[in-house]
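Please read the following note alongside the sequence and the coordinates. It is written for a colleague who wishes to check each point against the atoms.

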Amino acid sequence: MGSGPLKILNIAILSFGLILLLAEVFSFGDKGYIDYHTFRSTILPSGTILKIMLTPNTAYIYAKTPEGIRLYKINVPSVDDFQRKLEHDQTELGVELGDQVFASYITENRLAREIIAILPTVFFVMAISYFSKSIGSILGKGPSSLFAPKSKATRGQSTTTFKDVAGMDEAKEEIMEFVAFLKKPEKYKRLGAKIPKGAILVGPPGTGKTLLAKATAGESGVPFFTISGSDFIEMFVGVGPSRVRELFKEARASAPCIIFIDEIDAVGRSRSRGGFHNDERENTLNQLLVEMDGFGTTEGVVVFAGTNRPDVLDSALLRPGRFDRTIYVGEPDIKGRKDIFMVHLKNIKIEDKMEDLAKRLATLTPGFSGADIANVCNEGALIAARKNATVASFKHFEEAIERVLVGLERKNRVLSKEERIIVAHHEAGHAIVGWFLEHTDPLLKVSIVPRGMGTLGFAQYQPKDQYLYTREQLSDRICVTLGGRVAESIIFGRISTGAQDDLEKVTKIASSKVVHYGMNERVGVISFKKENNNDITIEKPYSQATSRMIDEEIRKIVMESYDRTHALLTSKKDELLKVAAVLLEKEVLLRDDLRELLGPRPYGEKTTWAELTGETETPPSPSPSSSSSSSSTTTSGDNNVESPKVLVG
Ligand code: ADP
């Protein structure tokens with residue numbers, strides 16, 4: 001234990017040393033251009049290089065010499081060539097470039113900023129080498145453990161296998177190849193094939209991208225490193241690139257192995273887009289590119305990365321030799337969902353036969369991701385336990401689905417009488433339009449029990465898994481969504497603020513019809529690229545005149561749909577009043593209640609496993625018989641049509 005005065009003395013010496021260093025660093029001289037040969041014969045073997053920075057034409061080399069820190073420049077006709085030569089000569093001369101030395105790409109005009117950015121790094125390197133002992137005694141730790149860059153990755157041996165990954169057969173098949181590459185690389189190399197370096201797993205959150213990467217590691221029996229893209233980015237300059245280097249260094253030492261970088265878009269966003277630069281992020285990305293390029297060997301290191309924003313990734317990441325493949329991991333279809341339910345119900349004590357229960361729940365959960373399903377299974381078990389049940393049953397899981405969809409019931413939220421009446425008519429409006437239009441999804445439930453975050457009521461539908469939508473389906477969906485607002489205006493002659501969310505959805509669908517799907521005669525069969533809200537500058541690839549035409553057409557679609565909905569609800573005003581009255585009394589209406597009030601749906605409904613999958617067996621009907629709590633769900637098998645999980649009012 002160091003005494004107080006000793007510590008103060010150490011700190012004083014350290015500060016004095018830093019001041020000296022500061023003076024030294026600021027005096028570093030530019031030694032001008034040297035040729036590669038001189039560099040190779042004098043500077044490289046001396047092992048005093050602090051940093052190498054590469055621009056498209058020049059390599060900037062900072063080295064510690066007896067006279068202080070000096071800058072040397074070398075003309076490099078090709079960056080790749082320089083790297084290859086450097087790597088080769090390093091190996092030949094047996095020079096270990098330290099941790100602080102790395103080559104990074106930068107652009108010429110950012111060089112000045114780069115130089116300023118490395119100053120703190122230079123201080124640290126030198127301060128550590130001068131005062132490592134003092135720091136060690138002050139902090140009671142070895143300097144290396146304190147300042148060594150940590151990759152932040154967690155390393156493990158994955159026990160997950162493909163058995164734990166349900167559904168997504170195509171993604172599994174594609175990724176299965178990597179298992180073969182890792183297990184028997186010779187088989188491919190023998191024929192001269194280059195083993196792919198990695199794959200980007202693209203898909204919405206919770207669809208099992210991490211799980212799939214883990215399973216690949218588990219199947220191949222190799223170590224698994226996982227890190228999130230945002231872990232690279234810290235407020236300190238230079239930490240990101242050094243974390244990347246450290247990660248690859250660790251990985252190479254444990255090769256063959258798998259690295260999984262989650263949310264790669266945090267570092268991998270396209271460089272210099274939108275006017276703002278984030279130097280640290282760009283340097284981190286550059287370093288990642290350098291490492292993947294094989295500046296230093298990456299034999300046996302497979303890199304997977306996950307993202308749900310492939311559109312913002314830098315194109316350099318997707319070039320051959322880096323992430324060679326893109327594997328799409330989408331939301332599961334009805335059969336996939338059944339399989340995922342089977343995986344997660346395995347550990348839960350359930351009342352029904354597992355397969356029947358899984359099928360029933362799968363019909364009620366379109367649009368759910370694997371993570372949502374895992375959540376439903378766990379919530380179902382929690383609800384059953386809370387109710388002191390000995391086993392979890394269908395109704396517990398049904399309640400869990402609803403909780404995942406619209407949040408907890410808030411029975412004690414006080415709504416005024418007038419507000420309840422408005423909400424009841426609004427929801428009844430959605431229900432009636434959905435019931436009488438041809439191309440809508442079957443309705444499951446209407447509720448005016450307040451829930452979760454500001455939801456005063458909702459009408460819930462059961463859409464099928466669908467990847468393509470027709471013009472009619474989109475039109476009817478707009479009408480159903482407008483139903484609440486139109487009902488308010490017909491019944492009360494005035495409108496409330498409750499329809500804002502509905503109107504946003506309507507506008508989105510209408511604008512997609514015009515701008516993306518080429519479904520508008522006047523604008524024509526043209527699809528404009530989706531605008532990226534994260535970009536600072538949004539350039540519309542069309543003229544002012546087209547822009548005006550698009551606005552007019554969107555408005556026209558919405559107004560025509562409004563009129564159609566108005567006409568329908570006016571003709572069904574009695575039914576509307578009847579449903580609203582019963583809703584005010586019972587708070588929740590199920591499909592069977594609506595059938596009783598309105599008669600059978602004129603266009604029929606497909607709701608059971610057999611009807612939805614075309615399989616002939618007769619599973620139990622998902623239609624709930626008890627009137628307590630029930631039902632679900634959602635839409636959005638398609639990744640283009642922005643469809644709501646439930647229509648809320
Ligand atoms: P992502 O990386 O795509 O965000 P994860 O792999 O982290 O998603 O998935 C979260 C959880 O969801 C997993 O731990 C698993 O419990 C569950 N899950 C997701 N997809 C599947 C699947 N296909 N089979 C089984 N469980 C899944």
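The numbered points below go from confidence and overall make-up to cores, helices and single residues.

1. Basis of the note. This is a predicted model, in which local features need a pLDDT of at least 70 and side-chain atom pairs count only at pLDDT 80 or more, while totals for chains, interfaces and linings use all residues. Residues are numbered from 1 along each chain as its sequence is written, and side-chain values use heavy atoms, with hydrogens and water left out.

2. Confidence. The protein chain has an average pLDDT of 75 (the predictor's confidence in each residue, from 0 to 100), and 73% of the residues score at least 70. Over residues 533–538 the pLDDT is below 50, and this stretch has eight contacts beyond near neighbours in sequence (a contact means heavy atoms within 4.5 Å). Residues 618–649 likewise stay under 50 in pLDDT, and for them the model has 127 contacts beyond four places in sequence.

3. Overall make-up. The protein chain holds 23 helices and 15 strands, taken as DSSP runs numbered from the N terminus (helices are H or I, at least four residues; strands are E, at least two). Of its 649 residues, 51% count as buried, where buried means under 20% relative accessible area, exposed over 50%, and partly exposed in between (1.4 Å probe, protein chains only). The accessible surface comes to about 30900 Å², by the Shrake-Rupley method with a 1.4 Å probe and, for residues, with only the protein chains shown counted as cover; carbon and sulfur atoms account for 55% of this surface. Among contacts between residues at least 6 apart in sequence, 77% join residues at least 24 apart.

4. Nonpolar cores. A nonpolar core is a set of buried Ala, Val, Leu, Ile, Met, Phe, Trp, Tyr and Cys residues joined through side-chain atoms within 4.5 Å. The largest has 47 residues, and those with the most contacts inside it are I550, V579, L594 and L598. Elements that each supply at least two residues of this core include helix 17 (417–436), strand 12 (443–447), helix 18 (471–492), helix 20 (544–571) and helix 22 (591–598). Apart from it lies another core, of 26 residues, with C377, I383, I401 and V406 among them.

5. Two residues to inspect around helix 20. Leaving out residues up to four places away in sequence, I550 touches V514, V515, V523, F528 and Y542. E553 is found in helix 20, where it counts as buried because its relative accessibility is 5%. With the same sequence neighbours left out, E553 touches V514, N520, R522 and V523.

6. Helices 13 and 15. The expected span of a helix is 1.5 Å times one less than its number of residues. Helix 13 (residues 334–345) has 12 residues and should therefore span 16 Å, which agrees with the 16 Å between its end C-alpha atoms. For the 17 residues of helix 15 (residues 370–386), the expected 24 Å agrees with end C-alpha atoms that are 24 Å apart. The buried residues of helix 13 include R337 and K338 as well as I340, F341 and V343, while those of helix 15 include D372, E379, C377 and I383. Among what covers the buried residues of helix 15 are helix 13 and helix 16 (394–406).

7. Which residues other than glycine have a positive phi? N388, in the loop between helix 15 and helix 16, has a positive phi of about 55°, and it counts as exposed because its relative accessible area is 69%. E587, in the loop between helix 21 and strand 14 (588–590), has a positive phi near 70°; E587 is partly exposed, with a relative accessible area of 24%. These merit attention because most residues other than glycine have a negative phi.

8. T284. This residue lies in helix 12 (residues 279–293) and is buried, with a relative accessible area of 1%. Although T284 and P241 are 43 residues apart along the chain, their C-alpha atoms are separated by 4.4 Å. Beyond neighbours within four places in sequence, T284 is in contact with F232, I233, G240, P241, V244 and V267.

9. Cysteines. How many disulfides are there, if a disulfide is a pair of cysteine sulfur atoms within 2.5 Å? The count comes to zero. C257 is buried, with a relative accessible area of 0%, and C479 is buried at 1%.

Note on methods
Disulfide = S-S within 2.5 Å.
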